[in-house]
Amino acid sequence: MKIINIVGARPNFIKIAPIMRQMRKSSVIEPILLHTGQHYDIEMSKRFFEELKIPSPDISLEVGSDTHAKQVARIMERFDDVCDSQKPDGILVVGDVNSTMACSLVAAKKGIKIIHVEAGIRSFDRTMPEEINRMVTDAIADLLLPPSRDAVSNLLREGHSENKIHLVGNIMIDTLMDSKSQVMKSEILQQLGVREKKYALVTLHRPSNVDNIIDFKRILLALAAIQERMTLVFPVHPRTRKIMNDPELKAITENMTGMILCDPLGYFDFGKLVSCCGMVITDSGGIQEESTVYGIPCITIRENTERPITLWEGTNELAGTDTEKIINFAGQILDGKWKTGKIPELWDGHTAERIIACIEKEF
């Protein structure tokens, strides 16, 4: 079976690494790696590929950044030619980025089997572009591989055939567990001058948070209060850093002596920061999952999440952009009053093995 594995953005790299390793062990799968170039930071992409030992892409579409519609159109146009030349038996897509939906649409119209890893996760918020990508991909996929039982329930409720659905667990946790030894070797704490459990890790990148000056100001005011009690480490996404130069926002951040700003980090350095921090303040989906596995309290700066199991079973809570709610949650964590949580079912580091077993059995 010739299967094209699609990646397009950094979260995809983390998920595809263990899948590619397991596919190369299979006697019946010929894996091909295709990078759409949706994430166009070449140096950051290269660093993730090197750290996670992902083979260089066999095919690169180099689509670059653009509006959602134009980017999807460009991916579809170029991937159409790839399918004609490669004639794959199937494609495997992960997550919910534009590349996931765009390549799935092309494959569906050509009768090529579609395998969707992380199927069924839902925020139930259609204003999120990712939600549209998830729903469209699931609607046309042939093999649905959800990470948790709530995702299975979502798929069944939407009318998907039970025969297509296979609970496999969380693929991101495979990479987290595979990388533990390298993560522990990172010296990022010494480089930043912080001590274990004595800092909070902050990540903010979603347009709904950082593109809206009013909402971003509410978040920064909360951070200003928190940094008086605990040091904040904030690896700043390029789009976030650009917006932070707004005079109104800069007036808040320039007085925050307890906040350390740094550039985006590689997987190992960032993993060390997550595993050793006292709390996480984030709008990232993946970090909600990682903090749950590490048992780290997590405050999510969103009104909803497509990973509600991190709320029900994990260490996560939603705060939105409510300044006082964020401050209050941080206070509970600092006062030792946060829930402990547990690791969800099948988040055990063996998800890639289950994925390959499903593909070999079903196809």
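Phe13 and Phe49 are both buried in this predicted model. Their rings form an edge-to-face aromatic pair. The centres are 5.0 Å apart, and the planes meet at 65 degrees. Phe13 belongs to helix H1 and Phe49 to helix H2 (residues 42–51), so the pair ties together parts that are 36 residues apart in sequence. Phe48 joins Phe13 and Phe49 in one aromatic cluster.

Phe329 and Trp338 make another edge-to-face pair. Here the centre-to-centre distance is 5.3 Å, with 85 degrees between the planes. Phe329 is buried, at a relative accessible area of 12%. Trp338 is buried too, at 13%. The structure holds four aromatic pairs.

Nonpolar packing was examined next. In soluble globular proteins, nonpolar side chains tend to be buried together. The largest nonpolar core has 37 residues. Ile16, Ile19, Leu92, Ile355 and Ile359 touch the most other members of this core. Helix H1 (residues 10–25) gives the core its largest share, seven residues. A second, separate core counts 31 residues, including Val210, Phe216, Ala222 and Ala330.

The contacts of Leu92 show how parts of the chain come together at one residue. Residues up to four places away in sequence are not counted here. Leu92 touches Ile3, Ile4, Asn5 and Ile6. Its contacts also include Ile16, Ile19 and Met23. Ile115, Val117, Ile355 and Ile359 complete the list.

Strand E7 (residues 199–203) was then considered. Five of its five residues are buried, so the strand is largely enclosed by the rest of the structure. In a regular strand the side chains alternate between the two faces of the sheet. In E7, Tyr199, Leu201 and Thr203 point one way. Ala200 and Val202 point the other way. E7 pairs in the parallel sense with strand E8 (residues 231–235), over three bridges. Within E8, Val233 is the bridge partner of Leu201. E7 also pairs in the parallel sense with strand E10 (residues 279–282), over four bridges. Within E10, Ile281 is the bridge partner of Val202.

Two helices illustrate buried helical positions. In helix H6 (residues 149–157), the buried residues are Asp150, Ala151, Val152, Asn154 and Leu155. The buried residues of H6 pack against helix H5 (129–140), strand E6 (143–145) and helix H16 (309–312). Gly159, just after H6, takes a positive phi of about 95 degrees. Helix H4 (residues 98–109) contains Ala102. Ala102 is buried, with a relative accessible area of 0%. Ala102 touches Val72, Ile75 and Met76, leaving aside residues up to four places away in sequence. Ala102 and Ile355 are 253 residues apart along the chain, and their C-alpha atoms are separated by 22 Å.

Positive phi values also occur at residues other than glycine. Lys53 has a phi near 55 degrees. Lys53 lies in the loop between H2 and strand E3 (59–60). With a relative accessible area of 60%, Lys53 is exposed. Glu118 has a positive phi of about 80 degrees, although it is not a glycine. Glu118 sits in the loop between strand E5 (113–117) and H5. Glu118 is buried, with a relative accessible area of 4%.

Internal space was assessed last. The structure holds two cavities of 30 Å³ or more. The largest cavity encloses about 40 Å³ of space. Its lining is formed by Leu176, Val183, Tyr267, Gly271, Val274, Glu290 and Tyr294. The elements that give two or more residues to this lining are helix H14 (267–276) and helix H15 (285–294). H14 gives the most, with three residues.

How values were computed
Residues are numbered from 1 along each chain as its sequence is written. This is a predicted model: local features need pLDDT of at least 70, side-chain atom pairs count only at pLDDT 80 or more; totals for chains, interfaces and linings use all residues. Side-chain values use heavy atoms; hydrogens and water are left out. Buried means under 20% relative accessible area, exposed over 50%, partly exposed in between (1.4 Å probe, protein chains only). Two strands pair if DSSP finds at least two bridges between them. A nonpolar core is a set of buried Ala, Val, Leu, Ile, Met, Phe, Trp, Tyr and Cys residues joined through side-chain atoms within 4.5 Å. Contact means heavy atoms within 4.5 Å. Rings of Phe, Tyr and Trp (its six-membered ring) pair if their centres lie within 6.5 Å; planes under 30 degrees apart count as stacked, over 60 as edge-to-face and the rest as tilted. On a 1 Å grid over the protein atoms alone, a cavity is a set of points where a 1.4 Å probe fits but cannot get out, and a pocket is an open set with protein on both sides within 12 Å along at least five of seven lines; lining residues have an atom within 4 Å of a point. Grid points are joined across faces, edges and corners, and a volume is the space filled by probe spheres set on the points.
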